[in-house]
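Trainee: I am new to this structure. May I ask how each label is earned?
Mentor: Please do. Take a look at it, and then ask.

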Amino acid sequence: PTVAQGQLSTITLQRYLSSLVSSDESLREMEGLMLSIAMACKTISTLVNRAGINQLTGLETDVMGTRSGSQSGKGKNKAKKNIQGEDQKKLDVLSNGVLKNALKFTGKLGLLASEEEDEALLIESALDSRYVAVFDPLDGSSNIDASICTGTIFGVLEDDTVELKNEYKRNNDDCVRNADAECVSSTEALLQPGSQLAASGYCMYSSSTILVFTLGGSHPVIGFTLDPQLGEFVLTHPNMRVPKRGTYYSVNEGNSWLWDASIRHYIDKIKRGEGETKKRYSSRYVGSMVGDVHRTLLYGGIFGNPGDVKHRNGKLRLVYECSPMSFLVEQAGGGSCTSDGGSVLEVVPESVHQRSTCWLGSIEDVQELKSYLTPEE
Ligand code: AHM
Ligand code: MG
């Protein structure tokens, strides 16, 4: 819908989505999914806000009911790790549960994958549903205990393997269950390139809680701010467009000694004012992808997680970090690429948790970066 500025404060997420459905009935399932994602984000926002008060900071430990209470996690109990070997924070685990349950109970989602789940989960009650979802429930968790912004990242894909899942249903003795007695499944429907996303977005937990998403196609990138008094997401950013150029670069420069020479060269040029614009770029790096991408969407510039000699594919995950964010930024008129100058959105994932380099931001800044990069052999 076209939204006049004066009407902004009255348009809730629910109202916005139902007006979309009234002109396009095929969006009805998506409406249900978006509303449950939003509901989960509201809950996560409350958890993040109250973390310090409700003792939700610190690491999740392995032994149930015997948490050491140690903030560093160096007590007797071992910190719980995700499949990638990273320590899980209590809030990582809680947020994952909130989002998982919200999506499960929509009855509109057959399969989901999360940074905090070792395997993809099959929702037995909704096997013939149209969509699957991927998410990082609480990205930037290294920042949580310092009350620095964090966020949820999500992507929704159409499932073209419904027949496979029905087959599975017929033979469901093969169901392999995880520790929570949930059914884990083949990940085929999740392993689609980012260009196939039907929706993607993030919710940022910061001085405000902001939900930004796109439904792809001709739909804009749109942002809603949680009004704590109403308890509703209210439309505040009706059509987000990334400025064509910015003056900020956002990378972890602590790793620059390990980067490829081409990337060091590019960053060196723009910060000295010797790039195409001849302007000196400033550094801005939160270390929370959602915060860094949100700023880049609004102010322009470039964000990247380049990879280095030790970690060729960088730190971020393709399926639920790089792809959804690149899809969103491209939909807002920006650009994205991998560290060899290829398209993030065309990479076909081989596994749910695989990592990928990724750069995104202002279209002209991404193009300038690409002129320094060389395709990998
Ligand atoms: P996480 O999913 O374990 O929180 O890690 C992802 C985060 C991103 O939010 C951020 O861009 C990146 O890690 C920062 O990594 P680094 O601290 O190495 O710069
Ligand atoms: Mg993450």
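Trainee: Why is glutamate 350 called exposed?
Mentor: This is a predicted model, so the label rests on computed positions. Glutamate 350 has 9 C-beta neighbours inside 10 Å. Exposed means 12 or fewer. The count of 9 meets that cut-off, so glutamate 350 counts as exposed.

Trainee: Where does glutamate 350 lie?
Mentor: Glutamate 350 is in the loop between strand 14 and strand 15. Leucine 191 is 159 residues away from glutamate 350 in sequence. In space the two are 6.5 Å apart, C-alpha to C-alpha.

Trainee: Which sheet do strand 14 and strand 15 belong to?
Mentor: An open sheet of five strands, in the order 12-11-13-15-14. Its pairing is mixed.

Trainee: What makes strand 12 and strand 14 edge strands?
Mentor: Strand 12 (282–283) and strand 14 (335–337) each have a single partner strand. One side of each is therefore left without a neighbour in the sheet.

Trainee: How do you know that strand 11 and strand 12 pair?
Mentor: Pairing needs at least two bridges. Strand 11 (residues 248–250) and strand 12 have two, so they qualify. Their sense is parallel. In one bridge, tyrosine 248 has serine 282 of strand 12 as its partner.

Trainee: Which strands does helix 7 touch?
Mentor: Helix 7 (residues 318–331) packs on the sheet and touches strand 14 and strand 15 (358–361). Its direction makes about 25° with that of strand 15. Helix 8 (residues 363–370) also packs on the sheet, touching strand 13 (302–305), strand 14 and strand 15. The direction of helix 8 makes about 30° with that of strand 14.

Trainee: Why is strand 9 called largely enclosed?
Mentor: Strand 9 covers residues 221–227. Buried means 20 or more other C-beta atoms within 10 Å. Five of the seven residues of strand 9 are buried, so the rest of the structure largely encloses this strand.

Trainee: How many bridges join strand 9 to strand 8?
Mentor: Five, in the antiparallel sense. Strand 9 and strand 10 (residues 232–237) also pair antiparallel over five bridges. Glycine 223 of strand 9 is the bridge partner of valine 212. Glycine 223 also stands opposite histidine 237 in strand 10.

Trainee: What is the make-up of the shell around ligand 1?
Mentor: One nonpolar residue, seven polar and five charged. Glycine counts as polar here. Among the 13 residues around ligand 1, Gly140, Ser141, Asn252, Gly287 and Met289 come nearest.

Definitions and conventions. Residues numbered from 1 in each chain as written. Chains lettered and ligands numbered in written order. Predicted model: local features only at pLDDT ≥ 70, side-chain atom pairs only at ≥ 80, totals over all residues. Helix = DSSP H or I, 4+ residues; strand = E, 2+ residues; numbered from the N terminus. Contact = placed C-beta atoms within 7 Å. Axes fitted to C-alpha atoms, helices over the stretch in contact; angles between N-to-C directions. Near = placed C-beta within 6 Å.
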